[in-house]
Amino acid sequence: MVNERSSFSLGARAPRSSSCEIEPILAVSTLSLWYGKQQALRGVTLSFPVCRATAVIGPSGCGKSTLIRSLNRMNDLVPHLRIEGQILFHGQDIYARDADPVEIRRRIGMVFQKPNPFPKSIYENVAFGLRVNGLKDHLDDRVESALRRAALWDEVKDHLRKKSGFDLSGGQQQRLCLARALAVEPEVLLMDEPCSALDPVATAKIEDLIQELKVEMTIVIVTHNMQQAARVSDDTAFLLLGDLIEFAPTEQLFTRPSDPRTEAYITGKFG
Amino acid sequence: MEEKTTRSAFVKDLHALESEVLELGRSVAAAIREGLRILEARDEAGACALIAGDAAINEKRYQIEEHCLRLLATQQPMAGDLRRVTAVLHIASDLERMGDQAEGIGKIVVLLGTAPLIKPLIDIPKLTGIVLEMLDAAMGAFSQSDGERARAIAARDDEADRLHNVIDQDLFHLMVGDPSKITQATYLMWVSHNLERIADLVTNVCEQVVFVSTGSIEELNVRRTCDTKPRD
Amino acid sequence: MRHRRSARARRVTEVVAFSLFGAATVAGLFALGIILYYIISRGGGALSWEFLTTFPRKGMTAGGIYPALVGSLYLTAGAIVLALPLALGAAVFLVEYAREGPWVRAIRIGVNTLAGVPSIVFGLLGLALFVKALGIGVSVLAGSLTLGLLILPLLVRTAEEALRSVPRSFREGGLALGATRWRTIRAIVLPAALPGILTGIVLGLSRAIGETAPIMFTAAAFFTPQLPTSPLDEVMALPYHIFVMATESPNAWKTKDLQYGAVLVLVGLVLVLNLGAILLRAHARRRKVW
């Protein structure tokens with residue numbers, strides 16, 4: 001849906017099969033960010049490869065959560081925030097004066113660290129995003145499709161309207177949140193430490209899903225679990241104190257990183 | 001002096017692994033030296049001891065492999081640490097094979113018996129010297145993760161090859177001249193061959209050291225032509 | 001040796017403290033019990049279906065409290081209807097939209113101050129503003145408006161508390177799906193806060209139904225021969241009716257039984273409403289899965 005009132009336009013949504021072009025659709029350009037007087041990001045420049053999973057790793061306080069929350073303007077909720085630089089989605093700065101954060105968040109979805117289903121039925125949880133975005137036709141089919149993509153359909157298909165989102169286990173809740181995000185067919189999926197509240201079995205299921213999903217969308221995953229980053233991602237970015245230290249294919253970053261600080265972090269040897 | 005760092009138990013474990021590899025290197029070097037000694041002294045009893053001693057070298061190798069496996073499973077080493085551990089697996093295997101070559105020399109000494117040597121031993125001790133120097137240097141390069149030094153050591157393999165060819169030529173001439181010397185000459189050629197094999201294995205070790213140091217896997221001292229003449 | 005003594009001393013202190021707390025609780029309940037007994041024993045006799053459904057007769061010495069009961073219900077319902085949208089709007093603004101600053105702090109101080117204003121002041125305000133200045137006259141409307149102002153701070157506070165208790169993650173989840181702020185509030189936050197808001201409404205009802213001063217000058221009449229037909233009519237109200245019977249009716253001593261009956265009905269209503277609020281709150285807490 002193009003907002004005709006503003007000159008800012010993200011362009012028509014590309015059909016699924018051709019959304020995996022070569023050019024990155026999401027990129028960050030000399031992005032700096034301040035919480036009040038505290039600088040959280042220092043001139044980060046990074047392009048997220050399309051149809052691949054990019055992991056963002058780094059110690060606590062390095063800015064990885066700040067970065068990912070800036071990508072879909074969830075940081076707008078934080079008071080006293082200042083941003084310099086650009087975040088380009090399809091070549092347009094999402095922080096431009098006439099940019100519509102609602103439209104951006106529809107096309108860049110997010111899964112949070114702690115599963116946050118709504119206190120509604122499972123069906124309504126998934127349908128909410130669809131209703132909000134005017135995708136009301138074939139609602140049942142869309143809900144089923146989203147739940148299938150999140151590998152949750154078989155577990156909940158008999159209780160769609162009877163069980164609330166909160167009646168599910170932690171791992172199922174997170175997959176419900178994933179289904180909810182997938183229902184609106186985002187082009188980019190941001191995942192902020194999606195498995196840190198889950199047990200190993202639930203974690204493994206989500207990681208398998210990421211492998212399936214990255215074939216058709218861009219995924220950015222923040223994680224403090226390095227083995228997970230190594231398992232799941234194709235490329236990895238290492239942040240330290242707000243700086244981007246290194247960005248390389250995962251296999252390379254974890255076997256022969258070029259920066260000694262990266263080496264120190266991933267081998268777990270902090271002086 | 002150990003720098004203070006996190007994962008100190010893991011760091012200590014890695015150092016212990018390194019020490020084990022160096023110890024294995026020393027055992028193998030001792031076996032090679034012993035091989036030359038028993039050859040020069042025609043010491044049959046010593047040869048039997050050398051042959052029996054190979055079991056200890058094998059045992060040490062398996063212990064190192066177990067250690068590596070444990071580290072991989074429990075510590076999830078990454079980057080430089082990961083390269084080091086996988087290199088150790090290779091190096092231990094190469095060292096064990098060097099030990100087998102030394103054992104082979106012991107078996108030849110037994111076969112030679114007490115018959116007088118057909119020619120005085122000059123080049124074989126020389127070759128042994130080169131090989132021992134290479135092995136010692138390679139172990140040093142491993143302990144320092146010195147890729148440059150490793151490359152230099154690997155280049156000496158040519159020297160060893162040349163000397164090996166000279167030995168073979170000499171023994172060949174002897175065989176042609178006097179058929180009764182064929183048996184012993186063949187045995188001595190085997191000794192030379194074993195020593196040259198050890199030099200090749202040291203080159204493998206050097207490749208691993210380069211891998212640990214730079215992260216790239218290269219073949220050192222490649223010779224792909226069908227030219228069998230030694231390079232000079 | 002010292003260890004044992006202090007352990008015993010600690011136990012004694014605990015027993016004494018809990019006994020005192022228990023006694024305080026019992027004292028409070030005891031007071032309530034005495035009041036209830038007093039009222040029930042004297043007013044119980046007057047209670048009957050007739051009492052609740054007939055008009056007072058013979059100068060209020062006979063008949064029932066029907067018009068006063070209905071009038072109170074009109075006034076209370078009116079107060080809620082008028083105050084609730086305002087209160088919800090204020091609460092949503094304060095919780096969801098306002099950024100902490102001098103303005104917001106001023107609003108909060110205003111609301112808190114309003115809560116402390118004596119009810120007679122509300123009555124006079126209602127008289128001056130609604131009855132006289134706006135020309136509504138003594139009526140249900142004026143009374144409801146005045147009562148509405150009275151319970152406004154209470155409604156704002158409980159609504160605010162209910163909204164704040166909805167976890168931030170719900171809002172984030174809604175926004176991340178491309179919903180606007182208002183859609184998120186409407187479809188997710190408000191429904192989740194509903195039990196808390198309902199509790200606030202019931203508490204507001206129970207407060208409003210018992211207030212006399214605000215309605216004395218703005219709505220209540222000594223006697224109306226029939227029920228009000230429009231919001232601009234005067235109306236009888238239960239608390240005022242009790243006051244009237246006790247002070248102004250010509251044969252005050254003759255209406256004693258009826259007075260107690262009316263008091264019992266009023267107290268009963270308040271108690272039932274408060275109990276309802278408590279049960280609602282407990283039910284909401286049990287249902288709250290986050």
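In which sense, parallel or antiparallel, do strand β3 (residues 53-57) of chain A and strand β9 (residues 235-240) of chain A pair, and over how many bridges? The two strands pair in the parallel sense over four bridges, where pairing requires that DSSP finds at least two bridges between the strands, and where strands (E, at least two residues) and helices (H or I, at least four residues) are DSSP runs numbered from the N terminus. This is a predicted model, in which local features need pLDDT of at least 70 and side-chain atom pairs count only at pLDDT 80 or more, while totals for chains, interfaces and linings use all residues. Residues are numbered from 1 along each chain as its sequence is written, and chains are lettered from A and ligands numbered from 1 in the order in which they are written.

Within that parallel pair, T54(A) has D235(A) in β9(A) as its bridge partner. Both strands belong to an open sheet of six strands in chain A, with the order β6-β7-β8-β3-β9-β10 and mixed pairing. Its edge strands are β6 and β10 (243-249) of chain A, each of which pairs on one side only, and the twist averages 20° from one strand to the next. Helix α1 (residues 64-71) of chain A lies across β3, β6, β7 (188-192), β8 (218-222) and β9 of chain A, running at about 150° to β8(A); such angles run from 0 to 180 degrees between N-to-C directions, and axes are lines fitted to C-alpha atoms, for helices over the stretch in contact.

Chain A also holds an open sheet of four strands, with the order β2-β1-β4-β5 and antiparallel pairing. Strand β1 (residues 26-35) of chain A pairs with β2(A) over seven bridges, and W34(A) stands opposite Q39(A) in β2(A). In the hairpin of these two strands, which has two residues between them, G36(A) takes a positive phi near 65°. Eight bridges join β1(A) to strand β4 (residues 81-89) of chain A, with Y35(A) opposite L81(A) in β4(A).

One residue of this sheet, L41(A), lies in strand β2 (residues 38-48) of chain A. L41(A) is buried because 26 other C-beta atoms lie within 10 Å, the cut-off for buried being 20 or more, with 12 or fewer counted as exposed and values in between as partly exposed. Leaving aside its neighbours within four places in sequence, L41(A) is in contact with residues including L31(A), L33(A), T66(A) and G242(A), where contact means that C-beta atoms, placed from the backbone, lie within 7 Å.

Turning to the chains together, the pair with the most contacts, among the two pairs of chains that touch, is A and C. That contact takes 21 residues from chain A and 17 residues from chain C. The elements that give two or more residues to the chain A side are α2 (101-107), β6 (108-111), α3 (122-132) and α6 (170-183) of chain A. Chain B and chain C do not touch, and their nearest C-alpha atoms are 34 Å apart.

In chain C, helix α7 (residues 168-176) and helix α8 (residues 181-209) pack at an angle of about 155°, with their axes 10 Å apart. The two helices are therefore roughly antiparallel to each other, a term for angles over 145 degrees, whereas those under 35 count as roughly parallel, 65 to 115 as roughly perpendicular and the rest as oblique. Their contact is made by F170(C), R171(C), G174(C) and L175(C) of α7(C) and T184(C), I188(C), V189(C) and A192(C) of α8(C).
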